[in-house]
Amino acid sequence: MKVVAFNGSPRKGGNTEICLKLIEKELNAQGIELEIIQVGTKAKPCMACYHCLNTGSTHCVQNDEVNEWIDKACEADGIILASPVYYGGIAGGMKCFLDRMFLCSGAKFHHKVGAALVTLRRSGGLETYQQLNAYLNTMEMVIATSDYWQAAHGLDKGEVEQDTEGVEVMSKLGRNIAWLVRLINDAKGRIDPPETGPRTMTNFVR
């Protein structure tokens, strides 16, 4: 069993990665591997060309690292989205990546475990957390939670470890992700996931 985490922070070893390491400890204790991918600023924005939708491809026409990350997400049992707060929202590079990945291959994430977390200096955490959860909510994912919103405070690298409640929240989130991943894995062949189907997309013109 494996979970992949996408870290939207440009800072290697920063507070967002520290939170993911707390989750990793809990997952590893349950025999679940975690791979952390540093998205940072590498992803170009979505061009809204809809090549992926029109062709049925799970890859973006922009042939870069994003397609490798998409493959890892499709193969994983769970997906974690993590971002620092930038002016009350998702870090720019992370937003570019998520727009492309979920448009290309979000349908492959149905019934996988998903979770979101944010790190922040002072405010904007709940707004950013809801933005990340919006991606998970559109793809019939099983969303793991903690006993409070998954946000931890800190500015300089390592400061997040001083947020006692934030550290506890991340550890509990890790245990809940592990529990859900194991439940879904153990149910394979015995309890089938609910049927899904294509989504009828409409707009205000038709």
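Which residues form a nonpolar patch on the surface? Leu-126, Tyr-148 and Trp-149 do, with about 320 Å² of accessible area together. Keep in mind that this is a predicted model, so to speak of local features takes a pLDDT of at least 70, side-chain atom pairs count only at pLDDT 80 or more, and totals for chains, interfaces and linings use all residues. Residues are numbered from 1 along each chain as its sequence is written, and side-chain values use heavy atoms, with hydrogens and water left out.

**The surface patch**

- A patch takes residues with over 30% relative accessible area and no salt bridge (a side-chain nitrogen of Lys or Arg within 4 Å of a carboxyl oxygen of Asp or Glu); like charges are joined within 9 Å, and nonpolar side chains (Val, Leu, Ile, Met, Phe, Trp, Tyr) within 5 Å.
- The areas come from the Shrake-Rupley method with a 1.4 Å probe, and for residues only the protein chains shown count as cover.
- Leu-126 sits in helix H5, and its relative accessibility of 33% makes it partly exposed (buried is under 20% relative accessible area, exposed is over 50%, partly exposed is in between, with a 1.4 Å probe and protein chains only).
- Tyr-148 is partly exposed at 47%, and Trp-149 is partly exposed at 44%.

**Aromatic pairs**

- A search of the whole structure turns up 5 aromatic pairs (rings of Phe, Tyr and Trp, using the six-membered ring of Trp, with centres within 6.5 Å; planes under 30 degrees apart are stacked, over 60 edge-to-face, the rest tilted).
- Phe-102 and Phe-109 have ring centres 5.3 Å apart and planes at 80 degrees, so this pair is edge-to-face.
- Both Phe-102 and Phe-109 are buried.
- Tyr-148 and Trp-149 from the patch also pair up, in a tilted way: 4.9 Å centre to centre, with 55 degrees between the planes.
- Ring pairs also tie Phe-6, Trp-69 and Phe-97 into a cluster.

**Two buried helix residues**

- Asn-15 belongs to helix H1, residues 15–29 (helices are DSSP runs of H or I with at least four residues, strands are runs of E with at least two, and both are numbered from the N terminus).
- Asn-15 counts as buried, at 3% relative accessibility.
- A polar atom of the Asn-15 side chain lies 3.3 Å from the backbone nitrogen of Val-160.
- Setting aside residues up to four places away in sequence, Asn-15 touches several others, including Thr-119, Gly-154, Leu-155 and Val-160 (contact means heavy atoms within 4.5 Å).
- Val-66 is part of helix H3, residues 65–75, and is buried with a relative accessible area of 1%.
- Without counting neighbours within four places in sequence, Val-66 is in contact with Ala-43, Phe-97 and Arg-100.
- Val-66 and Lys-42 are 24 residues apart along the chain, and their C-alpha atoms are separated by 8.5 Å.

**Positive phi in the loops**

- Ala-48 has a positive phi of about 55 degrees, although it is not a glycine.
- You'll find Ala-48 in the loop between strand S2 (33–38) and helix H2 (51–55), where it is partly exposed at 42% relative accessibility.
- Glu-140 is a residue other than glycine with a positive phi, near 55 degrees.
- Glu-140 lies in the loop between helix H5 (125–137) and strand S6 (142–143), and it is partly exposed at 35% relative accessibility.

Terms used: Polar contact = N/O pair within 3.5 Å; in protein donor to acceptor, adjacent residues only side chain to side chain.
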